[in-house]
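Below is a colleague's note for someone meeting this structure without prior acquaintance. Please read the numbered points with the view open beside you.

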Amino acid sequence: MSDDGNDKRIEDEEEDLDCSHPEVVNKYQQAGAVANEAIKAVIAACVEGKSIAEVCELGDAKINELLSKVYKGKKMEKGIAFPTCASVNNCCGHFSPLKEDSSALKKGDLVKIDLGAHVDGYTALVAGSVVVGESEITGRKADVLQAARVASDVIIRTLQPGKKNSDITPLVERAVEAFGCKSVDGVVSHQIKRFSTDGTKVILNKRLPGQQVEECTFDQHEAYAVDVVVSTGEGKARELETKCTVFKRAPDNKYNLKMKSAREALFKIEKSHPKMPFSLREIDDSRVRLGITECVRHELLQPHPVLYERDGEFVAQIKFCVLLMPSGPIKITGWEGPEGVKSDKTVEDEEIVALLKQPIKPKKKKAAAADAAKA
């Protein structure tokens with residue numbers, strides 16, 4: 001039996017408009033404004049003693065609240081594009097605990113907040129790092145935070161139409177190494193499209209044996225999610241015993257599930273999150289949660305596992321989305337904090353120092369001519 005709603009969504013997805021269309025840019029920007037406000041609210045809630053589960057619930061609730069005010073009265077899909085995660089210290093990402101989890105924030109914790117929103121399938125992702133209860137941040141925490149900041153500053157200045165992904169990776173490696181840090185293995189930046197956050201164009205943060213991506217050239221009117229995750233350790237993330245709570249439907253995979261709970265879980269997911277990642281927090285029925293295991297076993301769901309660096313290391317993250325426009329890049333998401341970061345290391349690489357002095361957007365011809373006349 002045909003599902004008219006699903007057919008309509010599939011037809012809409014096939015109309016893959018790029019950022020040359022003003023309505024697409026507006027939807028990206030609307031989603032970006034929601035994600036930016038949500039991460040500000042979550043970071044403000046990162047105080048000593050606060051439940052991490054409550055922090056994540058706050059982020060998801062804030063996204064839904066803000067989206068309810070966007071395009072009111074118009075029939076379009078809006079929702080969470082990535083559930084709020086709050087990953088502490090050596091946890092690299094995807095920690096989004098259930099309500100019953102008793103984990104709480106402690107003073108000095110380095111917390112990575114990661115979340116996303118979408119409007120009509122146009123996605124805005126954002127992540128940032130904060131240190132709980134410290135106004136002045138020094139030592140290795142400062143090094144890793146500054147390494148992530150400088151690496152992201154390098155990327156946005158080199159992510160330009162006509163440039164290649166292979167131009168960026170060596171610069172990011174050198175920027176991170178200047179602070180005695182390493183990019184976390186396997187973390188990449190992706191081109192994003194409607195209902196998709198993992199497009200074919202990819203930027204590696206570091207080169208690894210056996211990990212190759214196709215060389216590509218960036219084009220005008222494309223959108224990218226830039227993801228920088230940096231560690232004070234070797235950057236080798238691994239799974240421990242923490243249970244995965246973030247999943248995404250694998251739309252191309254089919255299987256006739258045997259367990260009733262698994263069928264119910266898949267039915268609920270396909271109705272509420274057919275394309276975007278979701279958290280088990282949204283599934284209140286414990287019996288339905290049990291069915292998730294069978295869905296994963298048969299590859300109907302893709303897990304986003306919780307990954308860790310070695311104990312005692314610190315991991316920082318910065319994620320933002322950027323649109324490559326004729327006037328220069330438009331950064332639709334990003335959190336600029338934290339303040340008070342004081343690393344005793346600096347970038348001395350002349351090429352990177354010169355790059356960081358360049359404006360993100362090219363100057364207009366009149367302004368450039370005026371500067372030249374003054375010189």
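**Notes on the chain and selected sites**

1. Of the 375 residues in the chain, 51% are buried, and the reader should keep in mind throughout that this is a predicted model. Among the contacts with a separation of 6 or more, 78% join residues that stand 24 or more positions apart.

2. The secondary structure comes to 10 helices and 15 strands. The radius of gyration of the chain is 21 Å, close to the 21 Å that the globule rule gives for 375 residues, so the chain is as compact as a globular protein of that length. Taken along the principal axes, the box filled by the C-alpha atoms is roughly 70 × 45 × 45 Å.

3. As to the surface, the accessible area of the chain comes to about 18,000 Å², and carbon and sulfur atoms account for 49% of that area. The chain carries 56 positive and 59 negative charges, and the mean positions of these two sets are 3 Å apart.

4. Helix H4 (139–158) deserves a look before its neighbour H5, and its length can be checked against a simple expectation: at 1.5 Å a residue, the 20 residues of H4 should span 28 Å, and the end C-alpha atoms are 29 Å apart, which agrees. Because 16 of the 20 residues of H4 are buried, this helix is largely enclosed by the rest of the structure.

5. The same check can be made for helix H5 (residues 165–177), where 13 residues at 1.5 Å each should span 18 Å, and the end C-alpha atoms, at 19 Å apart, agree with that figure. Which parts of the structure do the buried residues of H5 pack against? They pack against helix H4 (139–158), strand S5 (182–183), strand S7 (202–204), strand S8 (223–231) and helix H9 (350–357). The buried residues in H5 are Asn165, Ile168, Thr169, Leu171, Val172, Glu173, Ala175 and Val176.

6. Glycine 162 is placed in the loop between H4 and H5, and with a relative accessibility of 54% this glycine counts as exposed, because the cut-off for that class is over 50%. Leaving aside neighbours within four places in sequence, glycine 162 is in contact with Thr217 and Phe218. The C-alpha atoms of glycine 162 and threonine 217 are separated by 5.8 Å, although the two residues are 55 residues apart along the chain.

7. Leucine 125 has its place in strand S4 (residues 122–131), and a relative accessible area of 8% makes this leucine buried. Residues up to four places away in sequence being left out, leucine 125 touches Ala81, Phe82, Leu115, Gly116, Thr197, Ala225, Lys319, Phe320, Cys321 and Thr333. Isoleucine 203 lies 78 residues from leucine 125 in sequence, and the C-alpha to C-alpha distance between the two is 16 Å.

8. Proline 277 lies in the loop between helix H6 (260–272) and strand S11 (278–279). Is this proline buried or exposed? At 5% relative accessibility proline 277 counts as buried, since the class takes in values under 20%. Leaving aside neighbours within four places in sequence, proline 277 is in contact with Ile80, Ala81, Phe82, Pro83, Val246, Phe247, Lys248 and His304. Leucine 323, which is 46 residues from proline 277 along the chain, has its C-alpha atom 22 Å from that of the proline.

9. Two residues call for attention on account of their backbone angles. Most residues other than glycine have a negative phi. Asparagine 89, in the loop between strand S1 (78–88) and strand S2 (91–93), has a positive phi of about 55° although it is not a glycine, and with a relative accessible area of 19% this asparagine is buried. Glutamate 299, in the loop between H8 and S12, likewise has a positive phi, near 60°, in a residue other than glycine, but with a relative accessible area of 55% this glutamate is exposed.

10. Histidine 298 is also placed in the loop between helix H8 (292–297) and strand S12 (301–303), and at 24% relative accessibility this histidine counts as partly exposed. Residues up to four places away in sequence not being counted, histidine 298 touches Tyr255 and Leu257. The C-alpha atoms of histidine 298 and arginine 249 are separated by 12 Å, the two residues being 49 residues apart along the chain.

Notes
Residues numbered from 1 in each chain as written. Predicted model: local features only at pLDDT ≥ 70, side-chain atom pairs only at ≥ 80, totals over all residues. Heavy atoms only, no water. Helix = DSSP H or I, 4+ residues; strand = E, 2+ residues; numbered from the N terminus. Expected span 1.5 Å × (residues − 1). Buried < 20%, exposed > 50% of the residue type's maximum accessible area, 1.4 Å probe, protein only. Contact = heavy atoms within 4.5 Å. Rg over C-alpha atoms; globule rule 2.2 N^0.38 Å. Areas by Shrake-Rupley, 256 points an atom, 1.4 Å probe, with all protein chains shown as cover. Lys, Arg positive; Asp, Glu negative; His and termini not counted. Charge placed at Lys NZ, Arg CZ, Asp CG, Glu CD.
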